[in-house]
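Student: Could you take me through one spot in this model, the aromatic rings and what sits around them? I'd like the cut-offs along the way.

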Amino acid sequence: DSREGDDILHRTLGDPTRKIKEFALGLAIALLQQKGHQWSTALLSRARREKWSEGKIVDLLLALPLEKNTWDAAASFGDMVRKDYWKSTHIFWRSEDRETSEYAIQQLMEVGRARGAVDFIAGSQQTVSGQLIASVLFEAANPSPETSDATSSTMFQWSVAQLLKRLDADNAVPETVIAQLEWTYLGLLEHSERLPIVLHRAMAKDAAFFVQVLSATCVAHSASTEDRTQISDEAKVIASHAFRLLQSWNTVPGATETEIDASALTSWVREAHRLAQQADREAVGDQYIGHVLSFSKAALDGIWPALPIRSIVEEMNNRNIEKGMLIAIHNNRGVTTRALFDGGGQERGVAHQYHTWADALKLDWPRTSSLLERIARSFEEDAQTHDDHAEHTDWEY
C-alpha cells in the first residue's frame with residue numbers, strides 16, 4: 001500500500017550503495033508518477049516532521065521534477081541540503097521564466113558548477129542577463145576540481161563562444177569586460193568560431209596596446225642572459241596568452257568591411273614601429289606588423305595586396321615587416337590535403353598567382369613586386385619538397 005511504499009523509500013533513501021541508491025531513485029520517481037505532487041508534498045512534510053537525515057532528503061529531492069517548487073523545497077531544509085542538492089542535480093532543465101533560470105544558474109555557481117551553467121545557458125533559448133553571463137564565464141574559468149561538471153572540452157569551447165556572441169549583442173556589458181573575458185579564454189577562442197575580436201580591434205586601434213601585448217611575449221632585445229632566464233611563472237602565463245592573441249590577430253588597422261583607411265593605417269604602422277623600437281623589440285614588432293598586414297584583401301584591380309598595404313611596403317622598406325607578411329601568408333593557408341603521389345602541384349599554382357601579381361606591380365610598386373616574387377619562390381620551394389616526398393614515396397612502393 002501507499003504507507004508501505006513510503007516506508008521502503010524511507011529505508012533506502014540516503015544509502016551510499018550505488019544499486020540501492022538507484023533503486024530508491026527509481027521507486028521515488030515511480031511513486032511520484034503514480035500519486036502526483038500531493039504525495040511528494042506530504043512526504044516532504046513527513047521528512048521535516050520526523051527529522052530525516054540530510055542524505056535522505058537530498059536523495060528524495062533529486063527524484064522530483066526540475067522546477068522552482070523543488071528548488072524552494074530544497075532551500076526550506078537549510079543551506080546544507082540546498083547546497084548538496086545543487087551539487088548533484090541535473091543541469092539541463094526545461095527553461096521557464098528568466099527569473100527562475102537565473103536563480104538556478106546562481107545556485108550552480110555557488111556550489112562550484114559554473115561550467116555546467118555555461119553549457120546550460122549556451123544550449124538554452126532562455127534570455128539571461130549579460131551581467132550574469134559575464135559572472136558565470138569568469139567563475140567557470142577556474143573550476144573547482146571537487147565540484148566541476150564533467151564537460152567535454154569541445155562542448156565547453158562551443159558554449160563559451162556562444163555566450164560571448166550574446167555579450168557582443170548586449171549593450172549593457174562594457175567592452176572592457178568582454179576584453180577581460182577574451183583574455184581569460186584565449187586558449188579556447190583562438191581555434192573557435194568566435195575569435196577574440198574585441199582585443200583584436202583594440203590592438204588595431206591603439207598601437208601602444210599592440211606594443212604592450214608584444215612586450216609581454218618576449219624580453220627586450222638587449223636583455224641580459226640573467227634577465228632572460230629569471231622569468232616568473234606568472235610572466236610565463238601572460239606571455240603565453242599574449243602570444244596566442246598576436247597569432248590569432250587578423251584585424252588590419254584602419255580597415256572596414258569594404259576598404260582600408262590609408263591615413264589611419266599609415267599612422268598606426270609608423271607609431272607601432274616607433275613604439276616597438278622604443279621598447280627594444282623592433283624586429284619582432286615589425287614582423288607582427290607584417291603578420292596583420294597579410295590579412296588585407298585584394299585591391300579593386302584584383303591584385304593582392306590592397307593599395308594602402310602596397311604603400312606601407314614601399315614607404316617602410318622594411319625586411320622584417322615583409323618577412324612577417326611572408327610567414328603569415330604560409331600559416332594562413334592552413335593544412336592542405338593531396339593524394340599520396342601528387343607532389344607540389346598545389347604550391348606551384350599558388351606560386352604562379354604571386355608571380356602574376358608581381359609582374360603586374362613591378363613598375364609602379366617595385367618593393368611590393370619584389371616581396372611577391374619572394375613569396376612565389378617560397379611556394380616553389382614548398383612544391384619541390386612535396387615533389388621529393390612523392391618521389392620517395394613512389395620509390396618505397
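Tutor: Trp 86 has 1% relative accessibility, so Trp 86 counts as buried (under 20% relative accessible area, with over 50% being exposed and anything in between partly exposed, using a 1.4 Å probe and protein chains only). Keep in mind that this is a predicted model, where local features need pLDDT of at least 70, side-chain atom pairs count only at pLDDT 80 or more, and totals for chains, interfaces and linings use all residues. Numbering runs from 1 along each chain as its sequence is written, and side-chain values use heavy atoms, with hydrogens and water left out.

Tyr 103 is at 19% relative accessibility, so Tyr 103 counts as buried too. Searching the whole structure turns up eleven aromatic pairs (Phe, Tyr or Trp rings, the six-membered one for Trp, with centres within 6.5 Å; planes under 30 degrees apart are stacked, over 60 edge-to-face, the rest tilted). One of them is Trp 86 with Tyr 103, edge-to-face at 6.4 Å centre to centre and 75° between the planes. Trp 86 belongs to helix α6 (residues 79-88) and Tyr 103 to helix α7 (residues 98-110), so the pair ties together parts 17 residues apart in sequence (helices here are DSSP runs of H or I, at least four residues, and strands are E runs of at least two, numbered from the N terminus).

Now widen the view a little: Trp 71, Tyr 85, Trp 86 and Tyr 103 make up one aromatic cluster. Tyr 103 also has the charged end of Lys 68 over its ring, 4.7 Å from the centre (the test is NZ of Lys or CZ of Arg within 6 Å of the ring centre and within 35 degrees of the ring normal).
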